[in-house]
Amino acid sequence: MQFSDVKGQEKAIHILQRAIQNRHIAHAYLFTGPEGVGKKKTALALAQYLNCAAADTAHFSSCEHCPSCIQSVSGSQPDLILLEPDGSSIKIEQIRSLLSKVSLRNYENTYKVIIINDAHLMTEQAANCLLKTLEEPTDNTVFILITAQVQNLPVTILSRCQQIPFHLLPPSIIQDILQELHPERQSQIGLVTALAKGSVSTAETLLANEEIASARQDFYSLLIRLPQVSPAQIIGWCEQWDKNKKMVKSLLELGQLWYHDVLMVNTSGQMTLLVNQDYLAPLKSQTIEPQQLLHILQYFQTAMAQLESNASPRLVMEVVLLKTRTAVTV
Ligand SMILES: [Zn+2]
């Protein structure tokens, strides 16, 4: 992994590279920020770089050929330890076994890098056990704790780490990453980027989620023929979402994106800006007055707020669809 493989986190990476340059690498870092924005990638890039035998120091890139780089890439570099939660927590036994490896003497000029992913899942005992080591740092040992829930880490741990914040990614970067990873899904990338809200891992989950894909297809086919659908049919269709808050939330987001696209088609005609690129023809066939579209978008926003304040998902869906139906049939 290279620093250049991490997109959109220039600030965080700059802090680390400056530390490398000044030989002021901290004993413990805490990478904080939302899921799926490059924290673990950055940790792996730093670990690989620190032990690369032929690094390009001018560009902060690892050579990819030396034994350490080859082992880092294959996950067998003995000085790079990546600890993940065992089930729903990181247990004291995991930390103990980790620390026994850390205490082994280091070869000269090499770094031991310990990455603890989802560090907020450490049990209290695990955190206390780790704390002792963080308080007495060993030379050439770097701990990198990663978390998306910094508020759930003990203050004692926080105070021992240098915090490096990571941020949500702008849509253009998510789009670039997805285009590189999934060129065959071109027509869905715009939509997934819009739903991902700045997180590559959310985007990946959405791309892989067949359930959402099929619900979306079903929902859009309902929206397309909404003027011809009776209120009784709408109520019948909503039955399947009884108590399914998660899916109704996704559908409400999809509905907003749908009518936003219709608005774009009706006002600017800029087809390249549409999110639902795989629905161009049906979107063009939707003739709804811009004024009505603004009302509809408002209905979806209200529905989202109601869902958040724990209204019944099915009822929220019924109301928004019935109101939308009235708006598109006038
Ligand atoms: Zn190397």
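In this predicted model, the axes of helices α12 and α15 come within 9 Å and cross at roughly 25°. An angle under 35 degrees counts as roughly parallel, so α12 and α15 run roughly parallel to each other. Their crossing is left-handed. Three residues of α12, namely Lys245, Val248 and Leu251, touch Pro313, Val316 and Met317 of α15. Sorted by class, this little group has five nonpolar residues, one charged and no polar ones.

Next comes the pairing of α12 with α14. Helix α12 covers residues 245-267, and its axis comes within 10 Å of that of α14, with a crossing at roughly 165°. That angle is over 145 degrees, which means α12 and α14 are roughly antiparallel. Here, too, the crossing is left-handed. On the α12 side, the contact takes in Lys245, Val248, Lys249, Leu252, Gly255, Gln256, Tyr259, His260, Val262, Leu263, Asn266 and Thr267. Facing them from α14 are Pro290, Leu293, Ile296, Leu297, Phe300, Ala303, Met304 and Leu307. Counted by class, the α12 and α14 contact holds 13 nonpolar residues, along with five polar and two charged. Lys245 and Val248 of α12 turn up in this contact and also in the one with α15.

What about α14 and α15 themselves? The axes of α14 (residues 290-308) and α15 (residues 313-329) come within 10 Å, crossing at roughly 175°. With an angle over 145 degrees, α14 and α15 are therefore roughly antiparallel. From α14, the residues in touch are Gln292, His295, Ile296, Tyr299, Phe300, Ala303, Gln306 and Leu307. Their partners on α15 are Pro313, Val316, Val319, Val320, Lys323, Thr324, Ala327 and Val328. This contact is made up of 11 nonpolar residues, four polar and one charged. Ile296, Phe300, Ala303 and Leu307 of α14 take part here and also in the contact with α12. On the α15 side, Pro313 and Val316 belong to this contact and to the one with α12 as well.

Zooming out, the chain has 15 helices and five strands. The domain assignment splits off domain 1, at residues 3-165, and domain 2, at residues 209-329. Between the centres of these two domains, taken over C-alpha atoms, there are 44 Å. The C-alpha trace of the whole chain spans about 75 × 40 × 30 Å along its principal axes. Of the chain's 330 residues, 36% count as buried. If contacts are limited to residues at least 6 apart in sequence, 73% of them join residues at least 24 apart.

One residue away from these three helices gives a close-up of such details. Thr147 sits in strand β4, which covers residues 141-147. Is Thr147 buried or exposed? There are 23 C-beta neighbours inside 10 Å, and being buried takes 20 or more, so Thr147 counts as buried. Setting aside neighbours within four places in sequence, Thr147 is in contact with Leu30, Thr32, Asp118, Ala119, His120 and Leu153. The chain also brings Thr147 and Asn117 together in space: they are 30 residues apart along the chain, yet their C-alpha atoms are separated by 6.7 Å.

Conventions:
Residues numbered from 1 in each chain as written. Predicted model: local features only at pLDDT ≥ 70, side-chain atom pairs only at ≥ 80, totals over all residues. Domains from an automatic or database assignment. Axes fitted to C-alpha atoms, helices over the stretch in contact; angles between N-to-C directions. Helix = DSSP H or I, 4+ residues; strand = E, 2+ residues; numbered from the N terminus. Parallel < 35°, antiparallel > 145°, perpendicular 65-115°, else oblique. Contact = placed C-beta atoms within 7 Å. Nonpolar A, V, L, I, M, F, W, Y, C, P; charged D, E, K, R; others polar. Buried ≥ 20, exposed ≤ 12 C-beta atoms within 10 Å, placed from the backbone. Left-handed = near helix turned anticlockwise from the far one by under 90°.
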